Amino acid sequence: MEFVKPTIEYFELSPLLIVFAAACLGVLVEAFLPRERRYLVQVALAGVGLVAALVATIWVATDLTERGGGAARGLLGASDTLVIDGPAVYLWGLILVFAIGGVALFAERRLEVGVSAFAGQAAALPGTEAERQASTRGLDHTEVYPLLMFAVAGMLLFPATNDLLTMFVALEVLSLPLYLLCGLARRRRLLSQEAALKYFLLGAFSSGFFLYGVALVYGFAGSMQLAEIGEAVRNDVGNQSLLLIGMGMLAVGLLFKVGAAPFHSWTPDVYQGAPTPVTAFMAAGTKVAAFGALMRLFYVGFGLERWTWQPMMWAVAILTMLVGAVLAIVQSDVKRMLAYSAISHTGFLLTGMLGVQAAGELVDGQVTSLESVLFYLTTYGFATVGAFAIVTVVRDSGGEATTFPRWAGLGRRSPWIAGAFAFFLLSMAGIPLTAGFVGKWAVFTVAMSAGAWPVVLVAILASIIAVYFYIRHIRLMFFSEPEGEVAAVTAASPLTTVTITVCAVATLVLGVVPGPVLDLVTNAGDFIR
């Protein structure tokens, strides 16, 4: 066979390349710069890299060519291993926006009196003299910035993959840095290390399931590429056992990343134990990237086998919504409550995946399943980053105060912060005039269009349950009398303040004027097949 030189579409892949380059430069900074000069350089490098990648993403989005009579926009790149289409570019923009917020929270130093939320010396055992010396000297792990950039690079790659092998590589590139970041908390280090270990072990199992599923689907289709897998599904009526088992194993690997039940057990422990800036970044970015990959795999690769995988998704969506909503009621820690809330939101997103896929099957003005999920990811991400950013500033003598009794009466002591947190909770509950209401309306509508009314009924029930524990926390902040030691709001730097403000404004605007963003997701078009 004649060797064919691969071609790389450097312009279309420029956001990915910029983030990878910034991550590699961050590693060089750690190797060659003195410790005292690394912080400012790493923050500037990460921030500039992400902003440059966001600008490049916008530029790429304006230059995508139409395909399929305007149904889709974009091209296949990197020898057909990557797809740069409208949905992928939209997801890139979301990930980069949330990553910029993550860098701002990572760089916050005023809350810990001159140091960040990350351990001064991760190799030192908790409670030892080495740890005390590292804390006394004010040491910081600035390696967290290149780790974040590598995770962002994996997140950008994940929803743009066009073959299963590249999808697995992207999955590992985004996961491995997060395993490390979760174990680097400055306070409650044992809890943080436990969270990292749980995340790593369960993540390794899920990666094993995913890889075994890749092997089985390759055995069925004879190809790794999603379009060719779709052709095999269309034409090959034999070897159904390989296809079904492989599809199930791939689903396990991806449903683990989005935190769907029954693969959700890592979520509350990791969200609670990880440094809160990492939790904020991970909760938004990972879900955006993983849902992009999940939709591409099942819409493009297994779209013609829809009647086989949809019943499974019905069951997973129902179980996920109920588990998240019911278990959130019994939580007494804010981060664990938000973790179970995130699980229930995963169920709402899966409900949106069950909707009608093609725009031609819908009436004028109705959004497609893909568009509804993209919009919901936007609303969820801003509310989640904003809520966890507020958690970082509510503190007592031991650091972040995440237990419920500490939040009693917060609305009287710090009405603006408590009000912003209440607003984010109301958005998550889907109250009108918030972004969450429009997001839930979109995913419920498309699911009803596909005849998934039982799932929508469960989703409404789960939303009602969720309203209870959200309102309960708002009542705690504004109408409960504090008992014993209570938390106060610590003055943060402009980095955290601006992040909270931007998220609050975005949540309000998307709830009051959702039209421009809905138009944006509509113009993104469909996946390239």
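1. Two strands pair if DSSP finds at least two bridges between them. With that in mind, the sheet is a good place to start, and please remember throughout that this is a predicted model. Three strands make up an open sheet, ordered E5-E4-E6, with antiparallel pairing. E5 and strand E6 (488–489) are the edge strands, each with a single partner, so one side of each has no neighbour in the sheet. Strand E4 (residues 394–396) is joined to E6 by two bridges, and the two run antiparallel. If you want a residue to click on, valine 394 stands opposite valine 489 in E6.

2. Next, the aromatic rings. How many aromatic pairs does a search of the whole structure find? The search gives 20. One of them joins tyrosine 271 and phenylalanine 388 in an edge-to-face arrangement, with 6.0 Å centre to centre and 80° between the planes. Because tyrosine 271 belongs to helix H10 (residues 266–273) and phenylalanine 388 to helix H14 (residues 369–393), this pair ties together parts that are 117 residues apart in sequence. Are these two residues buried or exposed? Tyrosine 271 has a relative accessible area of 3% and is therefore buried, the cut-off being under 20%. Phenylalanine 388, at 1% relative accessibility, also counts as buried.

3. A second pair deserves a look, that of tryptophan 407 and phenylalanine 421. Their ring centres are 4.9 Å apart and their planes stand at 45°, so the pair is classed as tilted. Here too distant parts of the chain are linked: tryptophan 407 is in the loop between strand E5 (399–400) and helix H15 (410–413), while phenylalanine 421 is in helix H16 (residues 415–429), 14 residues apart. Both tryptophan 407 and phenylalanine 421 are buried.

4. Tyrosine 271 and phenylalanine 388 also belong to a wider group. One aromatic cluster is formed by Tyr179, Tyr199, Phe200, Phe256, Trp266, Tyr271 and Phe388. Keep Trp266 and Tyr271 in view, since both names return in the next point.

5. Now the enclosed spaces. Four cavities of 30 Å³ or more turn up in a search of the whole structure. The largest has a volume of about 70 Å³. Which residues lie closest to its centre? Of its 13 lining residues, those are Lys257, Val258, Trp266, Tyr271 and Lys287. Helix H9 (240–258), H10, helix H11 (276–301) and helix H13 (334–353) are the elements giving two or more residues to this lining. H11 provides the largest share, four residues. By class, the lining of the largest cavity has seven nonpolar, four polar and two charged residues.

6. The second largest cavity holds about 60 Å³ of space. Its lining consists of His345, Tyr376, Thr379, Tyr380, Ala383, Ser427, Met428 and Gly436. H14 and H16 each contribute at least two of these residues, and H14 gives the largest share, four. Four of the lining residues are nonpolar, four are polar and none is charged. H14 is thus a familiar element by now, as phenylalanine 388 from the edge-to-face pair lies in it.

7. On to the open spaces. The largest pocket has a volume of about 480 Å³. It is lined by 20 residues, and Val89, Tyr90, Gly93, Leu94 and Leu520 are nearest its centre. Two or more lining residues come from each of helix H2 (35–61), helix H3 (86–106), H14, helix H19 (494–512) and helix H20 (515–523). H3 supplies six residues, the largest share. The lining of this pocket divides into 14 nonpolar, five polar and one charged.

8. The second largest pocket has a volume of about 310 Å³. Of its 25 lining residues, Arg188, Pro275, Thr276, Lys335 and Glu400 lie nearest the centre. H10, H11 and E5 each give at least two residues to the lining, and readers will recall E5 as an edge strand of the sheet. What is the division by class in this lining? Eight residues are nonpolar, eight polar and nine charged.

9. Finally, two arginines that are worth displaying beside their rings. Arginine 109 has its charged end over the ring of tyrosine 39, 3.8 Å from the ring centre. For arginine 306, the charged end sits over the ring of tryptophan 307, with 5.2 Å to the centre.

Methods: Residues are numbered from 1 along each chain as its sequence is written. This is a predicted model: local features need pLDDT of at least 70, side-chain atom pairs count only at pLDDT 80 or more; totals for chains, interfaces and linings use all residues. Side-chain values use heavy atoms; hydrogens and water are left out. Rings of Phe, Tyr and Trp (its six-membered ring) pair if their centres lie within 6.5 Å; planes under 30 degrees apart count as stacked, over 60 as edge-to-face and the rest as tilted. Buried means under 20% relative accessible area, exposed over 50%, partly exposed in between (1.4 Å probe, protein chains only). A charge sits over a ring if NZ of Lys or CZ of Arg is within 6 Å of the ring centre and within 35 degrees of the ring normal. On a 1 Å grid over the protein atoms alone, a cavity is a set of points where a 1.4 Å probe fits but cannot get out, and a pocket is an open set with protein on both sides within 12 Å along at least five of seven lines; lining residues have an atom within 4 Å of a point. Grid points are joined across faces, edges and corners, and a volume is the space filled by probe spheres set on the points. Ala, Val, Leu, Ile, Met, Phe, Trp, Tyr, Cys and Pro count as nonpolar, Asp, Glu, Lys and Arg as charged, and the others, Gly among them, as polar.
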